Amino acid sequence: MKRIAVFASGSGSNFEAIAQAARDGKLDAEVALCVCDRPKAYVRERAKKFNVPVLQLNPKDFTFNKNLVESFVADDLKKHGVDLICLAGYMRIIGPSLLEPFRDRIVNIHPSLLPAFKGAHAIRDAFEYGVKVYGVTIHYVNEDLDGGRIIAQEAIPYDGDDLDDLEARIHAVEHRLYPATISRLLKDGPSA
Ligand code: GRF
């Protein structure tokens with residue numbers, strides 16, 4: 001069975017959707033590891049619930065030597081036999097020490113129709129811009145922020161809802177699309 005690692009910095013609702021899909025047999029993979037870079041992130045509780053080990057990183061170490069931290073993470077992922085890294089609300093740019101050994105094996109989910117609204121506040125930015133079609137993108141990770149090759153996208157029409165309702169609708173799409181896309185990727189490989 002393929003093994004995946006999920007990287008998260010916050011709530012981890014996408015982590016949970018992936019772990020639940022694996023538990024339900026909808027995603028033929030084991031969530032081998034959760035990598036978390038924030039000591040109080042709620043994703044840690046979710047990982048506990050699913051018995052997924054957490055590799056906890058200390059934000060201070062990144063300021064000191066990001067390369068060293070990422071080399072350490074890469075080694076740990078290899079030890080766990082990780083085939084695919086899934087970023088899910090991981091708020092750091094992946095550097096070369098992790099990108100090189102896992103090239104074409106790191107994917108990310110972003111809550112907009114890329115290349116529109118890159119960055120950390122995509123939903124709010126799109127809302128303030130007044131767009132009429134929102135969306136979710138899953139893409140490979142490369143050196144360009146939110147710029148790697150697109151794997152899957154789903155459009156979400158605006159229906160007059162407020163920002164909170166809109167966010168909830170976007171997250172609901174994420175929770176369905178991400179596990180399904182990971183499943184397809186693991187079966188069909190990078191050409192999927
Ligand atoms: C999601 O909207 C994801 O698209 C973005 O960060 C958010 C993470 O949410 N990259 P959660 O931590 O999975 O609940």
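Before we start, one definition: helices and strands here are DSSP runs, numbered from the N terminus, with at least four residues for a helix and at least two for a strand. That lets us say where P115 is: in the loop between β5 and α5. Please keep in mind that this is a predicted model.

Let's stay with that loop for a moment. The peptide bond that leads from L114 into P115 is cis, and its omega is near 15°. There is another backbone detail to look for at D104. This residue is not a glycine, yet its phi is positive, near 65°. You can find D104 in the loop between α4, residues 96-99, and β5.

Now for the ligand. Which residues are around it? Following the chain, we meet S11, G12, S13 and N14, then G89, then I109, H110 and P111, and finally H171 and E174. If we sort this shell by class, we get seven polar residues, two nonpolar and one charged.

Let's zoom in on some of those neighbours. At G12, a polar backbone atom is 2.8 Å from an oxygen atom of the ligand. At S13 the side chain takes part: one of its N or O atoms is 2.5 Å from a ligand oxygen. At N14 we are back on the backbone, where an N or O atom lies 2.8 Å from an oxygen of the ligand. How much of the ligand does the protein bury? On its own, the ligand exposes 370 Å², and the protein buries 82% of that.

Which elements give two or more residues to this shell? They are α1 (13-23), β5 (106-110) and α6 (163-188).

Next, the pockets. Rolling a probe the size of a water molecule over the atoms shows where empty space is left. The ligand takes up the space of the largest pocket, which has a volume of about 830 Å³. Its lining is made of 38 residues, and those nearest the centre are G89, Y90, M91, I109 and P111. At least two lining residues come from each of α1, β5, α5 (122-129), β6 (133-140) and α6. By class, this lining has 16 polar, 15 nonpolar and seven charged residues.

Finally, have a look at the second largest pocket, with about 190 Å³ of space. What lines it? The lining consists of K2, D83, L84, D104, R105, Y140, L185, L186, G189 and P190. So here is D104 again, the residue with the positive phi, now as part of a pocket lining. Five residues of this lining are nonpolar, four are charged and one is polar.

That's my tour, and thanks for listening!

Technical notes: Residues are numbered from 1 along each chain as its sequence is written. This is a predicted model: local features need pLDDT of at least 70, side-chain atom pairs count only at pLDDT 80 or more; totals for chains, interfaces and linings use all residues. Side-chain values use heavy atoms; hydrogens and water are left out. A residue is near a molecule or strand if one of its heavy atoms lies within 4 Å of it. A polar contact is a pair of N or O atoms within 3.5 Å; within protein, one must be able to donate a hydrogen and the other to accept it, and residues adjacent in sequence count only if both atoms are side-chain atoms. Accessible areas come from the Shrake-Rupley method with a 1.4 Å probe; for residues, only the protein chains shown count as cover. On a 1 Å grid over the protein atoms alone, a cavity is a set of points where a 1.4 Å probe fits but cannot get out, and a pocket is an open set with protein on both sides within 12 Å along at least five of seven lines; lining residues have an atom within 4 Å of a point. A molecule sits in a cavity or pocket if more than half of its atoms lie within 2 Å of its grid points. Ala, Val, Leu, Ile, Met, Phe, Trp, Tyr, Cys and Pro count as nonpolar, Asp, Glu, Lys and Arg as charged, and the others, Gly among them, as polar. Grid points are joined across faces, edges and corners, and a volume is the space filled by probe spheres set on the points.
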